[in-house]
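Morning, everyone. I'd like to talk about empty space inside a protein today. Let me put the structure up.

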Amino acid sequence: RGMGSGYTQILLDGLPPPRGFAIESLDLQSIERLEVVRVSSADTSARGVAGTINIVLKKAGAGQSNSAKVSVGTEHDRPQADVSGQWNAGTPDLRYGATYSLGHELHVRDGHVELDRADNTGTASYRGTTRDELRFDAASVNPNVVWHANDRTTLSAAATYRWSDLADRTGQKGAFNSLLPFPNSDFELTGTTTFWQLSSTVVHSLEDFSRVEFRLAASRNVRNRSTMLVGSSDAGEVLLNRQIDSRLTDQVVVHRGSYQPIELLGPGHVVKIGYDAELTTRTEVVENVRYLVGTGPNIGGLFSASIDTLATFAQDEWQPYEALLVNAGIRTETTRIRAADPEDVDVGTTKTILAPSIKATWQLGSPDRQLHLSASKTIRQPSPRQIIPRRYFSNNNSPVEPDYVGNPQLRAETAWGVDALL
(Lines give C-alpha, C1' and ligand atoms only; values in the text may rest on other atoms or scores of the structure.)
Protein backbone atom coordinates (compact mmCIF):
# COMPACT_ATOMS: atom_id res chain seq x y z
CA ARG A 1 0.00 0.00 0.00
CA GLY A 2 2.96 2.30 -0.49
CA MET A 3 3.98 2.25 3.17
CA GLY A 4 7.54 1.76 4.40
CA SER A 5 9.24 -1.33 5.72
CA GLY A 6 7.77 -2.83 8.89
CA TYR A 7 4.13 -1.84 8.33
CA THR A 8 3.14 -5.17 6.73
CA GLN A 9 2.81 -8.01 9.20
CA ILE A 10 4.63 -11.20 8.13
CA LEU A 11 3.58 -14.51 9.69
CA LEU A 12 4.98 -18.02 9.27
CA ASP A 13 2.19 -20.58 9.72
CA GLY A 14 0.21 -17.91 11.55
CA LEU A 15 3.08 -17.14 13.95
CA PRO A 16 5.41 -14.13 14.13
CA PRO A 17 8.98 -15.23 13.24
CA PRO A 18 11.97 -13.67 15.02
CA ARG A 19 12.89 -10.22 13.80
CA GLY A 20 16.18 -11.40 12.32
CA PHE A 21 14.44 -13.97 10.13
CA ALA A 22 14.56 -13.26 6.37
CA ILE A 23 11.61 -14.31 4.20
CA GLU A 24 13.85 -14.81 1.18
CA SER A 25 15.72 -17.53 3.07
CA LEU A 26 12.69 -19.86 2.85
CA ASP A 27 12.83 -22.60 0.24
CA LEU A 28 9.99 -22.21 -2.27
CA GLN A 29 9.39 -25.99 -2.31
CA SER A 30 8.38 -25.89 1.38
CA ILE A 31 5.65 -23.23 0.86
CA GLU A 32 2.09 -24.42 0.26
CA ARG A 33 0.43 -21.02 -0.23
CA LEU A 34 0.42 -17.35 0.70
CA GLU A 35 -2.55 -15.79 2.49
CA VAL A 36 -3.00 -12.03 2.09
CA VAL A 37 -5.26 -10.27 4.61
CA ARG A 38 -6.00 -6.64 3.81
CA VAL A 39 -7.76 -5.75 7.07
CA SER A 40 -6.90 -6.76 10.63
CA SER A 41 -9.47 -8.53 12.79
CA ALA A 42 -9.60 -8.89 16.56
CA ASP A 43 -8.56 -12.56 16.61
CA THR A 44 -5.63 -12.28 14.17
CA SER A 45 -3.64 -9.44 15.77
CA ALA A 46 -3.94 -5.73 15.08
CA ARG A 47 -0.38 -5.29 13.81
CA GLY A 48 -1.07 -5.37 10.08
CA VAL A 49 -1.12 -1.61 9.47
CA ALA A 50 -0.62 -2.18 5.73
CA GLY A 51 -2.04 -5.73 5.78
CA THR A 52 -0.82 -9.20 6.69
CA ILE A 53 0.97 -11.90 4.68
CA ASN A 54 0.78 -15.40 6.16
CA ILE A 55 3.23 -17.95 4.70
CA VAL A 56 1.69 -21.41 5.05
CA LEU A 57 4.19 -24.29 4.90
CA LYS A 58 3.36 -27.70 3.46
CA LYS A 59 1.86 -30.26 5.85
CA ALA A 60 1.57 -34.02 5.77
CA GLY A 61 -1.04 -35.17 3.25
CA ALA A 62 -3.20 -38.28 3.13
CA GLY A 63 -1.57 -41.55 2.07
CA GLN A 64 2.09 -42.20 1.31
CA SER A 65 4.14 -40.24 -1.21
CA ASN A 66 7.73 -39.31 -1.94
CA SER A 67 9.10 -36.74 -4.34
CA ALA A 68 12.48 -35.20 -5.07
CA LYS A 69 13.71 -32.49 -7.40
CA VAL A 70 17.20 -31.51 -8.58
CA SER A 71 17.77 -28.28 -10.48
CA VAL A 72 20.91 -26.65 -11.89
CA GLY A 73 20.90 -23.39 -13.78
CA THR A 74 21.67 -19.70 -13.84
CA GLU A 75 19.71 -16.61 -12.88
CA HIS A 76 21.04 -13.27 -14.14
CA ASP A 77 24.30 -15.08 -15.00
CA ARG A 78 24.55 -16.47 -11.47
CA PRO A 79 25.06 -20.27 -11.18
CA GLN A 80 22.64 -22.01 -8.82
CA ALA A 81 22.03 -25.60 -7.72
CA ASP A 82 19.12 -26.89 -5.61
CA VAL A 83 17.93 -30.23 -4.25
CA SER A 84 14.46 -30.43 -2.66
CA GLY A 85 11.85 -33.02 -1.83
CA GLN A 86 8.78 -34.02 0.17
CA TRP A 87 7.85 -37.18 2.07
CA ASN A 88 4.43 -38.17 3.48
CA ALA A 89 3.24 -41.30 5.30
CA GLY A 90 0.80 -42.48 7.96
CA THR A 91 -2.81 -43.53 8.41
CA PRO A 92 -6.09 -41.55 8.20
CA ASP A 93 -5.83 -40.82 11.96
CA LEU A 94 -2.08 -40.20 12.11
CA ARG A 95 -0.28 -38.37 9.31
CA TYR A 96 3.34 -37.29 9.29
CA GLY A 97 5.80 -36.00 6.75
CA ALA A 98 8.57 -33.55 5.95
CA THR A 99 9.96 -31.28 3.26
CA TYR A 100 13.70 -30.70 2.80
CA SER A 101 16.05 -28.67 0.60
CA LEU A 102 19.72 -27.96 -0.12
CA GLY A 103 20.90 -24.96 -2.10
CA HIS A 104 24.05 -23.30 -3.43
CA GLU A 105 24.50 -19.92 -5.12
CA LEU A 106 27.57 -18.15 -6.47
CA HIS A 107 27.79 -14.88 -8.36
CA VAL A 108 30.04 -11.99 -9.33
CA ARG A 109 28.31 -8.76 -10.36
CA ASP A 110 29.79 -5.52 -11.64
CA GLY A 111 27.82 -2.28 -11.54
CA HIS A 112 27.92 1.48 -11.93
CA VAL A 113 26.68 3.97 -9.35
CA GLU A 114 25.55 7.54 -9.93
CA LEU A 115 24.21 9.37 -6.89
CA ASP A 116 23.31 12.94 -6.03
CA ARG A 117 23.25 13.38 -2.28
CA ALA A 118 22.28 16.52 -0.46
CA ASP A 119 22.72 17.81 3.07
CA ASN A 120 22.30 21.27 4.57
CA THR A 121 25.40 22.49 2.71
CA GLY A 122 24.11 21.63 -0.76
CA THR A 123 24.24 18.82 -3.30
CA ALA A 124 27.29 16.70 -4.15
CA SER A 125 27.53 14.08 -6.85
CA TYR A 126 29.10 10.64 -6.70
CA ARG A 127 30.11 8.56 -9.70
CA GLY A 128 31.63 5.15 -9.18
CA THR A 129 31.80 1.44 -9.93
CA THR A 130 30.93 -1.53 -7.73
CA ARG A 131 31.83 -5.21 -7.68
CA ASP A 132 29.96 -7.79 -5.60
CA GLU A 133 31.19 -11.37 -5.05
CA LEU A 134 28.76 -13.67 -3.20
CA ARG A 135 28.69 -17.30 -2.09
CA PHE A 136 25.61 -18.64 -0.32
CA ASP A 137 24.85 -22.20 0.91
CA ALA A 138 21.69 -23.30 2.73
CA ALA A 139 19.89 -26.39 4.03
CA SER A 140 16.42 -26.75 5.59
CA VAL A 141 14.01 -29.40 6.84
CA ASN A 142 10.35 -29.04 7.92
CA PRO A 143 8.85 -32.10 9.69
CA ASN A 144 5.20 -32.15 10.84
CA VAL A 145 2.59 -34.51 12.27
CA VAL A 146 -1.22 -34.44 12.62
CA TRP A 147 -3.05 -36.83 14.96
CA HIS A 148 -6.84 -37.19 15.16
CA ALA A 149 -7.04 -38.60 18.68
CA ASN A 150 -10.83 -39.04 18.48
CA ASP A 151 -13.88 -37.44 16.87
CA ARG A 152 -13.49 -34.34 19.02
CA THR A 153 -9.76 -33.81 19.48
CA THR A 154 -6.99 -33.10 16.99
CA LEU A 155 -3.34 -32.53 17.89
CA SER A 156 -0.73 -31.22 15.48
CA ALA A 157 2.94 -30.30 15.70
CA ALA A 158 5.35 -28.77 13.20
CA ALA A 159 9.00 -27.77 13.14
CA THR A 160 11.20 -25.75 10.83
CA TYR A 161 15.00 -25.77 10.82
CA ARG A 162 17.23 -23.81 8.45
CA TRP A 163 21.00 -23.31 8.28
CA SER A 164 22.84 -20.95 5.94
CA ASP A 165 26.42 -19.85 5.35
CA LEU A 166 27.31 -16.57 3.65
CA ALA A 167 30.46 -14.97 2.26
CA ASP A 168 30.04 -11.59 0.56
CA ARG A 169 32.59 -9.06 -0.65
CA THR A 170 31.63 -5.67 -2.06
CA GLY A 171 34.05 -3.16 -3.54
CA GLN A 172 33.30 0.44 -4.47
CA LYS A 173 35.49 2.94 -6.31
CA GLY A 174 34.45 6.48 -7.18
CA ALA A 175 35.16 10.17 -7.30
CA PHE A 176 35.65 11.93 -3.97
CA ASN A 177 32.99 14.24 -2.60
CA SER A 178 32.40 15.93 0.74
CA LEU A 179 29.50 13.69 1.73
CA LEU A 180 31.57 10.48 1.91
CA PRO A 181 34.35 9.88 4.46
CA PHE A 182 36.20 7.83 1.80
CA PRO A 183 35.39 7.31 -1.88
CA ASN A 184 36.89 3.82 -2.23
CA SER A 185 35.91 0.91 0.01
CA ASP A 186 36.12 -2.86 0.33
CA PHE A 187 33.59 -4.56 2.59
CA GLU A 188 33.72 -8.25 3.53
CA LEU A 189 30.96 -10.13 5.38
CA THR A 190 31.11 -13.76 6.47
CA GLY A 191 28.89 -15.69 8.84
CA THR A 192 26.33 -18.38 9.53
CA THR A 193 22.65 -18.21 10.46
CA THR A 194 20.50 -20.90 12.10
CA PHE A 195 16.75 -20.65 12.49
CA TRP A 196 14.27 -23.03 14.11
CA GLN A 197 10.60 -22.90 15.00
CA LEU A 198 8.49 -25.39 16.97
CA SER A 199 4.72 -25.22 17.32
CA SER A 200 1.96 -27.42 18.72
CA THR A 201 -1.82 -27.01 18.49
CA VAL A 202 -4.72 -28.71 20.27
CA VAL A 203 -8.29 -28.34 18.95
CA HIS A 204 -11.16 -29.85 20.96
CA SER A 205 -14.92 -29.82 20.35
CA LEU A 206 -17.18 -29.88 23.42
CA GLU A 207 -20.43 -31.81 23.74
CA ASP A 208 -22.49 -28.77 22.71
CA PHE A 209 -20.24 -28.37 19.62
CA SER A 210 -18.48 -25.37 21.11
CA ARG A 211 -14.76 -25.34 20.27
CA VAL A 212 -11.58 -24.59 22.23
CA GLU A 213 -8.12 -24.20 20.74
CA PHE A 214 -4.71 -23.77 22.33
CA ARG A 215 -1.38 -23.12 20.63
CA LEU A 216 2.17 -22.97 21.97
CA ALA A 217 5.13 -22.03 19.80
CA ALA A 218 8.75 -20.95 20.09
CA SER A 219 11.31 -19.81 17.54
CA ARG A 220 14.95 -18.78 17.59
CA ASN A 221 17.24 -17.13 15.03
CA VAL A 222 21.00 -16.98 15.69
CA ARG A 223 23.29 -15.01 13.42
CA ASN A 224 27.10 -15.00 13.73
CA ARG A 225 28.85 -12.32 11.71
CA SER A 226 32.39 -11.14 11.01
CA THR A 227 32.82 -7.94 9.00
CA MET A 228 35.80 -5.96 7.73
CA LEU A 229 35.66 -2.49 6.15
CA VAL A 230 38.68 -0.93 4.45
CA GLY A 231 38.25 2.65 3.24
CA SER A 232 40.83 4.54 1.18
CA SER A 233 41.35 7.86 -0.56
CA ASP A 234 41.65 8.52 -4.30
CA ALA A 235 45.42 8.24 -3.91
CA GLY A 236 45.10 4.75 -2.37
CA GLU A 237 45.90 5.76 1.21
CA VAL A 238 44.06 3.56 3.72
CA LEU A 239 41.99 5.81 5.97
CA LEU A 240 40.09 3.14 7.90
CA ASN A 241 40.44 -0.61 8.54
CA ARG A 242 37.73 -1.75 10.95
CA GLN A 243 36.87 -5.34 11.92
CA ILE A 244 33.82 -6.39 13.98
CA ASP A 245 32.78 -9.82 15.27
CA SER A 246 29.23 -10.13 16.60
CA ARG A 247 26.52 -12.60 17.55
CA LEU A 248 22.81 -11.79 17.38
CA THR A 249 20.04 -13.94 18.88
CA ASP A 250 16.32 -13.32 18.33
CA GLN A 251 13.68 -15.39 20.15
CA VAL A 252 9.88 -15.44 20.16
CA VAL A 253 7.57 -17.44 22.46
CA VAL A 254 3.81 -17.39 21.75
CA HIS A 255 0.90 -18.88 23.68
CA ARG A 256 -2.66 -18.52 22.38
CA GLY A 257 -6.06 -19.73 23.41
CA SER A 258 -9.58 -19.23 22.09
CA TYR A 259 -13.14 -20.38 22.78
CA GLN A 260 -16.03 -20.44 20.31
CA PRO A 261 -19.35 -20.94 22.10
CA ILE A 262 -22.34 -22.03 20.06
CA GLU A 263 -25.12 -19.44 19.64
CA LEU A 264 -24.01 -17.35 22.60
CA LEU A 265 -25.78 -14.36 21.07
CA GLY A 266 -28.42 -16.34 19.24
CA PRO A 267 -28.80 -17.89 15.77
CA GLY A 268 -26.61 -16.42 13.02
CA HIS A 269 -23.83 -15.37 15.42
CA VAL A 270 -20.34 -16.96 15.60
CA VAL A 271 -18.60 -15.60 18.70
CA LYS A 272 -14.91 -16.05 19.46
CA ILE A 273 -13.08 -14.92 22.61
CA GLY A 274 -9.48 -15.53 23.55
CA TYR A 275 -6.01 -14.30 24.46
CA ASP A 276 -2.53 -13.97 22.94
CA ALA A 277 0.66 -13.85 24.99
CA GLU A 278 3.93 -13.11 23.20
CA LEU A 279 7.51 -12.59 24.39
CA THR A 280 10.10 -11.26 21.93
CA THR A 281 13.74 -10.92 22.95
CA ARG A 282 16.94 -9.91 21.20
CA THR A 283 20.49 -10.27 22.50
CA GLU A 284 23.45 -8.75 20.68
CA VAL A 285 26.99 -9.56 21.71
CA VAL A 286 29.66 -7.44 20.03
CA GLU A 287 32.72 -9.54 20.78
CA ASN A 288 35.44 -7.58 19.01
CA VAL A 289 35.84 -4.11 17.51
CA ARG A 290 39.34 -3.63 16.09
CA TYR A 291 40.73 -0.54 14.33
CA LEU A 292 43.87 -1.60 12.46
CA VAL A 293 43.93 1.80 10.75
CA GLY A 294 42.01 4.86 11.92
CA THR A 295 39.89 5.35 15.03
CA GLY A 296 36.22 5.23 16.00
CA PRO A 297 33.79 4.38 18.78
CA ASN A 298 34.08 1.05 20.60
CA ILE A 299 30.65 -0.59 20.77
CA GLY A 300 31.69 -3.87 22.38
CA GLY A 301 29.61 -5.60 25.03
CA LEU A 302 26.21 -7.16 25.63
CA PHE A 303 23.01 -5.41 24.52
CA SER A 304 19.52 -6.79 25.04
CA ALA A 305 15.89 -5.91 24.43
CA SER A 306 12.54 -7.51 25.20
CA ILE A 307 8.99 -6.79 24.03
CA ASP A 308 6.26 -8.52 26.10
CA THR A 309 2.68 -8.38 24.84
CA LEU A 310 -0.52 -9.67 26.42
CA ALA A 311 -3.70 -9.30 24.37
CA THR A 312 -7.34 -10.25 24.88
CA PHE A 313 -10.05 -10.16 22.23
CA ALA A 314 -13.73 -10.73 21.56
CA GLN A 315 -15.22 -11.07 18.10
CA ASP A 316 -18.64 -11.76 16.59
CA GLU A 317 -19.36 -12.82 13.03
CA TRP A 318 -23.03 -12.15 12.32
CA GLN A 319 -25.14 -12.85 9.25
CA PRO A 320 -28.35 -10.83 9.70
CA TYR A 321 -29.59 -11.98 6.30
CA GLU A 322 -28.27 -14.05 3.41
CA ALA A 323 -26.61 -11.26 1.42
CA LEU A 324 -24.82 -9.54 4.36
CA LEU A 325 -22.01 -10.75 6.64
CA VAL A 326 -20.68 -8.52 9.44
CA ASN A 327 -17.54 -9.17 11.50
CA ALA A 328 -17.00 -6.90 14.52
CA GLY A 329 -14.51 -7.21 17.34
CA ILE A 330 -12.38 -5.47 19.91
CA ARG A 331 -8.83 -6.21 21.04
CA THR A 332 -6.71 -4.87 23.89
CA GLU A 333 -2.91 -5.10 23.81
CA THR A 334 -0.63 -4.28 26.72
CA THR A 335 3.02 -4.04 25.73
CA ARG A 336 6.07 -3.77 27.98
CA ILE A 337 9.30 -2.70 26.27
CA ARG A 338 12.68 -2.99 27.99
CA ALA A 339 16.28 -2.51 26.82
CA ALA A 340 19.67 -2.79 28.52
CA ASP A 341 23.25 -1.83 27.58
CA PRO A 342 26.64 -3.24 28.73
CA GLU A 343 26.47 -1.06 31.86
CA ASP A 344 23.15 -2.73 32.85
CA VAL A 345 21.18 0.48 32.41
CA ASP A 346 17.61 -0.87 32.08
CA VAL A 347 14.97 1.46 30.60
CA GLY A 348 11.66 1.08 28.78
CA THR A 349 7.94 1.79 28.60
CA THR A 350 4.55 0.12 29.16
CA LYS A 351 1.40 0.94 27.19
CA THR A 352 -2.13 -0.45 26.69
CA ILE A 353 -3.95 0.07 23.38
CA LEU A 354 -7.60 -0.61 22.54
CA ALA A 355 -8.10 -1.68 18.89
CA PRO A 356 -11.67 -2.09 17.55
CA SER A 357 -12.44 -3.41 14.07
CA ILE A 358 -15.48 -3.95 11.86
CA LYS A 359 -15.90 -5.48 8.42
CA ALA A 360 -19.02 -5.91 6.28
CA THR A 361 -19.47 -7.93 3.08
CA TRP A 362 -22.48 -7.49 0.81
CA GLN A 363 -23.42 -9.99 -1.89
CA LEU A 364 -24.49 -8.02 -4.96
CA GLY A 365 -26.55 -10.48 -6.96
CA SER A 366 -24.00 -13.03 -8.24
CA PRO A 367 -21.35 -14.69 -6.02
CA ASP A 368 -18.49 -12.95 -7.86
CA ARG A 369 -19.89 -9.48 -7.14
CA GLN A 370 -19.26 -8.37 -3.57
CA LEU A 371 -18.83 -5.07 -1.76
CA HIS A 372 -16.34 -5.04 1.14
CA LEU A 373 -16.24 -2.19 3.65
CA SER A 374 -14.07 -2.18 6.76
CA ALA A 375 -12.50 0.03 9.42
CA SER A 376 -9.94 -0.95 12.04
CA LYS A 377 -7.39 0.48 14.42
CA THR A 378 -3.95 -1.06 13.92
CA ILE A 379 -0.69 -1.11 15.86
CA ARG A 380 2.97 -1.12 14.82
CA GLN A 381 5.30 -2.17 17.59
CA PRO A 382 8.93 -1.02 17.45
CA SER A 383 11.42 -3.73 16.56
CA PRO A 384 14.12 -4.82 19.05
CA ARG A 385 16.75 -3.20 16.80
CA GLN A 386 14.96 0.15 17.11
CA ILE A 387 15.10 0.12 20.91
CA ILE A 388 18.56 -1.36 21.61
CA PRO A 389 20.86 1.53 22.64
CA ARG A 390 23.87 0.39 20.59
CA ARG A 391 25.59 2.09 17.71
CA TYR A 392 25.02 0.48 14.31
CA PHE A 393 27.73 1.47 11.85
CA SER A 394 27.04 2.77 8.35
CA ASN A 395 29.86 2.06 5.92
CA ASN A 396 29.67 5.69 4.75
CA ASN A 397 28.74 7.58 7.90
CA SER A 398 27.46 10.92 6.61
CA PRO A 399 24.54 13.35 7.07
CA VAL A 400 22.49 11.40 4.51
CA GLU A 401 23.64 7.89 5.57
CA PRO A 402 24.40 8.20 9.29
CA ASP A 403 25.25 5.66 11.95
CA TYR A 404 22.20 4.57 13.94
CA VAL A 405 21.44 4.23 17.68
CA GLY A 406 18.24 2.65 19.04
CA ASN A 407 15.89 4.44 21.44
CA PRO A 408 14.46 2.40 24.39
CA GLN A 409 11.76 5.05 24.92
CA LEU A 410 10.04 4.31 21.59
CA ARG A 411 6.35 3.43 21.83
CA ALA A 412 3.96 1.69 19.49
CA GLU A 413 2.49 3.59 16.56
CA THR A 414 -1.28 3.45 16.04
CA ALA A 415 -3.29 4.13 12.91
CA TRP A 416 -6.88 3.93 11.69
CA GLY A 417 -7.45 2.21 8.39
CA VAL A 418 -10.54 2.34 6.15
CA ASP A 419 -10.86 -0.10 3.27
CA ALA A 420 -13.40 -0.38 0.43
CA LEU A 421 -13.31 -3.01 -2.30
CA LEU A 422 -15.82 -3.90 -5.00
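A search of the whole structure turns up five cavities of 30 Å³ or more. Keep in mind that this is a predicted model. I'll take two of the cavities in turn.

Start with the largest cavity. How much space lies in it? About 70 Å³. Now look at what lines it. From the early part of the numbering we have Asp13, Leu57, Lys58 and Lys59 among the lining residues. The lining also includes Asn142, Pro143 and Asn144. Ala158, Ala159 and Thr160 belong to it too. Gln197 and Ser199 complete the list. Which elements give two or more residues to this lining? They are the strands β7 (122-148), β8 (153-174) and β9 (184-205). As for chemistry, the lining of the largest cavity splits into four nonpolar, five polar and three charged residues.

On to the second largest cavity. About 50 Å³ of space lies there. Its lining has Thr335 and Ile337, then Thr349, Lys351 and Ile353. Gln381, Arg411 and Ala412 line this cavity as well. Two or more residues each come from β14 (324-340) and β15 (346-363). Which element gives the largest share? That is β15, with three residues. By type, the lining of the second largest cavity divides into three nonpolar, three polar and two charged residues.

So, to recap. The largest cavity holds about 70 Å³ of space, and the second largest about 50 Å³. Strands β7, β8 and β9 each give two or more residues to the lining of the largest cavity. For the second largest, β14 and β15 do that. Thanks for listening.

Notes: Residues are numbered from 1 along each chain as its sequence is written. This is a predicted model: local features need pLDDT of at least 70, side-chain atom pairs count only at pLDDT 80 or more; totals for chains, interfaces and linings use all residues. Side-chain values use heavy atoms; hydrogens and water are left out. On a 1 Å grid over the protein atoms alone, a cavity is a set of points where a 1.4 Å probe fits but cannot get out, and a pocket is an open set with protein on both sides within 12 Å along at least five of seven lines; lining residues have an atom within 4 Å of a point. Grid points are joined across faces, edges and corners, and a volume is the space filled by probe spheres set on the points. Helices (H or I, at least four residues) and strands (E, at least two) are DSSP runs, numbered from the N terminus. Ala, Val, Leu, Ile, Met, Phe, Trp, Tyr, Cys and Pro count as nonpolar, Asp, Glu, Lys and Arg as charged, and the others, Gly among them, as polar.
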